[in-house]
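Here's a quick tour of a metal site, written for someone who'd rather be at the bench. Have a look at the model first.

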Amino acid sequence: MAFIEWTDKNKVNIEEVDDQHRQLFAILNRLHSSVVEGKEQGELFSILDELIEYTVYHFQTEEKLYIEHAFPGYEDHKFEHDKLTGTAVELQTKLRNGSATLSFELLDFLHDWLMDHTLGLDQEMGPFMNERGVF
Ligand SMILES: [Fe+2]
Ligand SMILES: [Fe+2]
């Protein structure tokens, strides 16, 4: 069983967004396996960097969609994205200067935010965009 499992519940019914979410799940699963396998720190950090970079790219994709279609929840959603990006960058710094370690606790944290992100706020965009012909 994968560390973070994709199910239909995670879908928001917008192909581009669902593809990116699946990609994020895959990167997190890769990070988890690498920790389990005891891969060296450099490798773990580079997967984490990839996860963060792809997250930032993904947030930009969602925000572009929101602006394009005048989604009323844009401000709240953007606020959540910015907060998460801030936490991620802080984490990256702490790991690099040794004041945090890439633990299972941290992996659980990433698991939960990705789940919350796809099952929470992101779910609002599906019906709204679908009504406007975006799938
Ligand atoms: Fe998302
Ligand atoms: Fe989002």
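## The shared glutamate

This is a predicted model. Start with glutamate 62, which bridges the iron ion (ligand 1) and the iron ion (ligand 2). The two ions sit 3.4 Å apart.

## Around ligand 1

What holds the iron ion (ligand 1) in the model? Its coordinating residues are His21 (NE2), His58 (NE2), Glu62 (OE), His117 (NE2) and Asp122 (OD), at 1.8 to 2.1 Å. Read along the sequence, those donors follow the spacing H-x36-H-x3-E-x54-H-x4-D.

Take histidine 58 and histidine 117 from that set: the first belongs to helix H2 (residues 41–68) and the second to helix H4 (residues 104–119), so to speak two distant parts of the chain, linked across 59 residues. Histidine 58 has a relative accessible area of 0%, and histidine 117 has 8%. Both count as buried because the cut-off is under 20%.

## Around ligand 2

For the iron ion (ligand 2), the protein donors are Glu62 (OE), His77 (NE2), His81 (NE2) and Asp122 (OD), lying 2.0 to 2.3 Å away. Their sequence pattern reads E-x14-H-x3-H-x40-D.

Why is the arrangement around the iron ion (ligand 2) called irregular? The four donor atoms subtend angles of 78 to 162 degrees, and a tetrahedral label would need all angles between 85 and 135 degrees.

Histidine 81 comes from helix H3 (residues 74–96), while aspartate 122 is in the loop between H4 and helix H5 (125–131), so this pair ties together parts 41 residues apart in sequence. Histidine 81 and aspartate 122 are both buried.

Key: Residues numbered from 1 in each chain as written. Chains lettered and ligands numbered in written order. Predicted model: local features only at pLDDT ≥ 70, side-chain atom pairs only at ≥ 80, totals over all residues. Heavy atoms only, no water. Donors = N, O, S within 2.8 Å, 3.2 Å for Na, K, Ca; no water. Helix = DSSP H or I, 4+ residues; strand = E, 2+ residues; numbered from the N terminus. Buried < 20%, exposed > 50% of the residue type's maximum accessible area, 1.4 Å probe, protein only. Tetrahedral: all angles 85-135°; square planar, octahedral: opposite > 155°, others 65-115°.
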